[in-house]
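Trainee: Hi, have you got a few minutes to go through a model with me? I'd like to learn how to read it.
Mentor: Sure, put it up and ask away.

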Amino acid sequence: MAKGQNAPIRRRTLTRDKVVDAAIEIIDEHGWEQLSMTSLSARLNVVTASLYNHVRNLDDIRGAVQVRTMTELGAHLREIAMGRTGPDGLRALVDAHRAWATAHPHRYQTLTTSPVDRDAFISAALDANTALRTMLASCGLPPEDTRDAAVSVFAAMHGFVMLVNTDFLGNELDLDSIYESVLRGALASVGWPEHTPTRS
């Protein structure tokens, strides 16, 4: 074993960011429900009491994970949206949402629970919301209609992702075909023409 490998983290080197990083690792590997102060202290190789020097309690950690996750997703969607407009841009955006959510199923689950810190969570969601609303506007939707339309599109795509991530749909169905149907329905609900933006 290399020197220092798996050595305890000294209290002075432990930070709030490191605690949140460890929480995300646990969630990615085992799921949201398995996050606890005990699992965190074991992951960081510290006594549980030392965690309270950096976080208030488990809810504080959960809230921080939700904000971090929403921030990462928003930044990713903003990057995808840059330089794109119109139907092709919208398609790239919803495809990126699907890909990120299915690649990080446990972390994405954190976005399905009630926000611990709603104000911070809403602020973190600004990038994702702005990217989608801007793309809808670039497709010709009146700016005043983009908020409700963005919520409708997100709700539809989110529902599809959760059905896939929980394996509710199994392997017997053509998930790509269902995805296209969900996307057509979501866009039709906000006044989109009958054709679906094509996959880039």
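The chat below goes through the helices, a pocket and some single residues.

Trainee: What kind of model is this, and how are the residues numbered?
Mentor: This is a predicted model, in which local features need pLDDT of at least 70 and side-chain atom pairs count only at pLDDT 80 or more, while totals for chains, interfaces and linings use all residues. Residues are numbered from 1 along each chain as its sequence is written, and side-chain values use heavy atoms, with hydrogens and water left out.

Trainee: Okay! How many helices and strands are there?
Mentor: The chain has ten helices and zero strands. Here helices (H or I, at least four residues) and strands (E, at least two) are DSSP runs, numbered from the N terminus.

Trainee: How much of the chain is buried?
Mentor: Of its 200 residues, 41% count as buried. Buried means under 20% relative accessible area, exposed means over 50%, and partly exposed is in between, using a 1.4 Å probe and protein chains only.

Trainee: And what share of the contacts joins residues at least 24 apart?
Mentor: That share is 68%, taken among contacts between residues at least 6 apart in sequence. A contact means heavy atoms within 4.5 Å.

Trainee: Let's switch to pockets. How much space lies in the largest one?
Mentor: The largest pocket holds about 600 Å³. On a 1 Å grid over the protein atoms alone, a pocket is an open set of points where a 1.4 Å probe fits, with protein on both sides within 12 Å along at least five of seven lines, and lining residues have an atom within 4 Å of a point. The volume is the space filled by probe spheres set on the points, which are joined across faces, edges and corners.

Trainee: Why roll a probe at all?
Mentor: Rolling a probe the size of a water molecule over the atoms shows where empty space is left.

Trainee: Which residues lie nearest the centre of that pocket?
Mentor: They are Met70, Ala125, Ala128, Asn129 and Phe154, out of 22 lining residues.

Trainee: Which helix gives the most to the lining?
Mentor: H9 does, with six residues. Helices H4 (58-81), H5 (86-103), H7 (118-124), H8 (126-138) and H9 (146-165) each supply at least two.

Trainee: What classes of residue are in the lining?
Mentor: There are 19 nonpolar, two polar and one charged. Ala, Val, Leu, Ile, Met, Phe, Trp, Tyr, Cys and Pro count as nonpolar, Asp, Glu, Lys and Arg as charged, and the others, Gly among them, as polar.

Trainee: Staying on H9, where is histidine 158, and what does it touch?
Mentor: Histidine 158 is in helix H9, and it counts as buried because its relative accessibility is 18%. Not counting residues up to four places away in sequence, histidine 158 touches His97, Tyr108 and Thr112.

Trainee: How many aromatic pairs are there?
Mentor: The count is one. The rings of phenylalanine 160 and tyrosine 179 have centres 5.3 Å apart and planes at 50 degrees, so the pair is tilted. Phenylalanine 160 lies in helix H9 and tyrosine 179 in helix H10, so the pair ties together parts 19 residues apart in sequence. The rule pairs rings of Phe, Tyr and Trp (its six-membered ring) if their centres lie within 6.5 Å; planes under 30 degrees apart are stacked, over 60 edge-to-face, and the rest tilted.

Trainee: Are those two buried or exposed?
Mentor: Phenylalanine 160 counts as buried at 3% relative accessibility, and tyrosine 179 counts as buried at 0%.

Trainee: New topic: where is asparagine 45, and what is its phi?
Mentor: Asparagine 45 lies in the loop between helix H2 (37-44) and helix H3 (48-51). Its phi is near 60 degrees, a positive value in a residue other than glycine. Most residues other than glycine have a negative phi. Asparagine 45 is partly exposed, with a relative accessible area of 37%.

Trainee: What about aspartate 167?
Mentor: Phi of aspartate 167 is also positive, near 65 degrees. Aspartate 167 is in the loop between H9 and helix H10 (175-189), and counts as exposed at 51% relative accessibility.

Trainee: Back to H2: which of its residues are buried, and what do they pack against?
Mentor: Met37, Ser39, Leu40, Ser41 and Leu44 are buried, and they pack against helix H1 (16-30), H3 and H4.
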